[in-house]
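Student: Please take a close look at one single part of this structure. Then work outward from that part to its surroundings.

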Amino acid sequence: MALLTSPLPWRRPSVLSGSRPGISPLRRLGAVVAVFCALLGASALAAENANQKEYQLKAVFLLNFVQFVIAWPEGAFPNAEAPIRVGVLGEDPFGGALAAAVESEKVGQRSVVIERVARLEDIGRCHVLFVAKSESAQVPAIIAASAGKPVLTVGDMTDFARRGGIINFYLEGPKLRFEINRTAAERSGIKLSSQLLQLARLVGPPVSSGDR
Amino acid sequence: MISPFVSWRSLAGARKLTGKLSSAVGLRVTLLAASALAMGAAAGGATFEVASYKKLSLAQLMDVEVTSVSRRPEMLVDTASAVQLVTGEEIHRAGATNLPQALRLLSNLQVAQIDSRQWAITARGFNNSTTNKLLVLLDGRALYTPLYAGVFWDAQDTFLNDIDRIEAISGPGATQWGSNAVNGVINITTKSAQDTQGGLLTGSAGTELRASGGARYGGTLAPGVFYRVYGKYAERDSTVTAAGQDARDAWHVSQGGFRIDWARATADQLTLQGDAYQGRIAQATADDIQIDGTNLLGRWGRTFSPQSTLTVQTYFDYTHRIIPGSITEHLGIFDLDVQHRLPVGDVFDFMWGGTYRFMNDRVRNPVSLAFYPANVKREWFSGFAHGERTMLDNRLRVTAGVKLEHNPYTGLEFQPNVRAVLKWREHQRFWGAISRAMRTPSRIDRELFAPAAPPYALAGGPSFESEKLLAYELGYRIEPSPAWALSLATFYHDYNDLRSLEPSATPGGPLLLANGLRGKSYGAEVNLDYRVTERWRLKFGYTALHVSSTQKPGSLDRTSIRSQALDPHGSALVRSQLDLPAHTAIDLTARYVSRIAFHNVPAYTELDLRLSWRPVEALELAVTGRNLLDAQHPEFGADLPARREIERSVNASFTWRF
């Protein structure tokens, strides 16, 4: 096969033989568009899962927060083997992710269990409380109910930490971040690792005594 | 998950699928994949993701992207050129198995497959099998044959999984690109060795890509010194003639290569890379073509400040091509390139550079045609300078530049251009450019004789000059949100001194190559990138093109005006990338190319579909169907019985990282 083809004049083309039979290309383009419409159905399914990844990630972050508590105040647990209770208050956004995250995890000798919290009075039973977005109107009441108790309050609403929550999730571009209200942490008596504090954005007035 | 399949099948017509595909393995594999997807969707769920996140440290968790905002590099928005980009991830998702298939994803390019290994690829018109107006670079090395200033696409390959991105600039390249960047520049960049650590194994089997396998391993030689090595092999089936007969142009190639990157904590970067390949291509009427080549490239860069950099690059490139029945070529190229960028004052940015290229080309001529002189050594020198000035409170950036090139045929050529980008509101840009570009002569323009012995029917082009282009371009870009971006580019190209075949002065004498034609082209390129949801991304591209050429006064060539420009007046591209639950994905590429009138290549619409599944994080399985809408279709070539047509194909592949 020669390397050089079209520019040379003696390779004259044959008489044009008319157009090619079959489905016209534009009809076929229409078929392709129809495939897209079918895929739209699939994308509706996909849209439901848009949040899944975010909450799967938050579930693993929550597990990390528990692991980064250096010390719980005296009396937070009845005994040395009592489990760490993680409560979810409001409409649970995690699906199975939080249960999957804490499954067979141990912090020291303590296992981690998930509980649904329905009433403000039950907040005190938890060591970690995740406040769902559905409870945004109740935040002041929730903060008041957990005041002075060893409850690590975690949320993902806009000013959860500024309003007194201890840890709050936020998005920076496509990545997940969290902020910590150190005053609220101090008041709860929970000692957080300095590693965790270094990774967080700090909210609220700084405390005079360092905990490093 | 079965439903999109069923809809597609019934729409496309059951009779189309009672052709080759339904009886082949292809359909069974596809159905198997679809049912696997369905089962995969039912299983899985939250547990798998969470388990993989638990393995990360807190700092690593903070690096995970929850919403994948489209990674459009800032520079693209502010470029005063019509540029489109595909990332390595998009190339992988589209199931491209070689570079031309990856180039199909860029809608400002014209990509036509001629046969099993030859492609006609250009931008903005004047496409033919020896198209000479496009510059293609792979990691800074020009993929270029001085025989006709084009690309032998069968010999250009790399480890596709390690491609970082491919940029296609349509229109005359900015002054710093090499020679022959007349209609466009394709810049293929591979990832640095630091970003390709670990092992990767790929394999596939199918109907057109009969078998292929590749492996890559990356590691560290010392702190800060990263390397990778790869090897790959591919065996491709032949295409068919219009009548459906085997065209007997099957081929296979093996290739290996390496890359070493060294980045010191301060400002130096050093890269060394090389490849070697070897292949055989069957021919219908003669023995196999043999190709082989080796290249070695080194690049040193120093960053003095964010605006001030110096880069020195050098490479050697040896290729051999033995075509039984035609020429044998041994080519060696040495290239040295320097670029220096520095700010001057506050608002002025200056860049200059120089290139030296040496070529040693030895050709053994057959009987039917010949290059005289057969063995040549030639040198090219070029330098460029351009300055960039921002004004109007950083909203307007104007660039003026010039490239001076000394080539062995026509001496000194002068290529100036001026470009501007205006930032109109935060997310909109207008840009414009006026450029002059030259397509300098290559060996085919001056030195081609046919037959090899006198009396000649074609006696070279003794006074062939550079082809000239004056290009006017205007474009607009808008990116109102991370979800979508639109770009529009319009152009008017005025060509002069295009190649023509003229009878010589003496009657009965040979034809000579001369510059007897003028040409013009104009059109528009539109590209829309739309992220429908976090998991579904769409891209639309449309290119409208009108190309024409006429004889200059005194020219007697009446055929070249049509045979030089084998371009469709419109082409469209639609791409969809959809991530589904349970780590599956459906990726779709549809393209429409209108008729090439002169060669009677009918308009066609084609569809590529890829289904993939990641059962575990390290392994990906995929089934790709290509050119699914027709059992076979032509894309290029004169309307003769021997014209090759591209068949529908399917292949199954896996990618394993370790």
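Tutor: Helices here are DSSP runs of H or I with at least four residues, strands are runs of E with at least two, and both are numbered from the N terminus. By that count, chain A has 6 helices and 10 strands. The model is a predicted one.

The part to look at is strand β4 of chain B, which spans residues 134–138. Of its 5 residues, 5 are buried, so β4(B) is largely enclosed by the rest of the structure. The burial applies to both faces of the strand: B:Leu134, B:Val136 and B:Leu138 are buried on one side, and B:Leu135 and B:Leu137 on the other.

Now consider the neighbours of β4(B). The strand belongs to an open sheet of 5 strands in chain B, in the order β1-β6-β7-β4-β5, with mixed pairing. In that order β4 stands between β7 and β5. The edges are taken by β1 (82–87) and β5 (141–142), each with a single partner strand, so one side of each has no neighbour in the sheet.

On one flank, β4(B) pairs with β7(B), residues 184–190, in the parallel sense over 5 bridges. There, B:Leu135 has B:Val185 as its bridge partner. On the other flank, β4(B) and β5(B) run antiparallel and are joined by 2 bridges. B:Leu137 is bridged to B:Ala142, while B:Leu138 stands opposite B:Arg141. These two strands form a hairpin with 2 residues between them, and in it B:Asp139 takes a positive phi near 50°.

Next, the nonpolar packing. In soluble globular proteins, nonpolar side chains tend to be buried together. B:Leu138, at the end of β4(B), is in a core of 26 residues that also includes B:Leu143, B:Leu160 and B:Ile163. That core is separate from the largest one, which has 48 residues. Helix α2 of chain A (residues 52–67) gives the largest core its largest share, 9 residues. Among the residues with the most contacts inside the largest core are A:Phe61, A:Phe65 and A:Phe178. A:Phe61 touches residues of both chains, including A:Phe169 and A:Leu176 as well as B:Leu58 and B:Met62. Ring pairs also link A:Phe61, A:Phe65, A:Phe169 and A:Phe178 into a cluster.

Return to chain B, to the loop between β3 (119–122) and β4 (134–138), which holds B:Phe126. What does the ring of B:Phe126 pair with? It pairs with the ring of B:Tyr495: the centres are 4.7 Å apart and the planes stand at 70°, so the pair is edge-to-face, the cut-off being over 60 degrees. B:Tyr495 lies in strand β26 (residues 484–503), and the two residues are 369 residues apart. Are the two partners buried or exposed? B:Phe126 is buried, at 2% relative accessible area, and B:Tyr495 is buried as well, at 1%.

Another edge-to-face pair has a different setting. The rings of B:Trp424 and B:Phe430 have centres 6.3 Å apart and planes at 80°. B:Trp424 is partly exposed at 36% relative accessible area, and B:Phe430 is partly exposed at 37%. Over all chains, the structure holds 20 aromatic pairs.

Note on methods. Residues are numbered from 1 along each chain as its sequence is written. Chains are lettered from A and ligands numbered from 1 in the order in which they are written. Side-chain values use heavy atoms; hydrogens and water are left out. A nonpolar core is a set of buried Ala, Val, Leu, Ile, Met, Phe, Trp, Tyr and Cys residues joined through side-chain atoms within 4.5 Å. Buried means under 20% relative accessible area, exposed over 50%, partly exposed in between (1.4 Å probe, protein chains only). Contact means heavy atoms within 4.5 Å. Rings of Phe, Tyr and Trp (its six-membered ring) pair if their centres lie within 6.5 Å; planes under 30 degrees apart count as stacked, over 60 as edge-to-face and the rest as tilted. Two strands pair if DSSP finds at least two bridges between them. Lists of a residue's contacts leave out its neighbours within four places in sequence.
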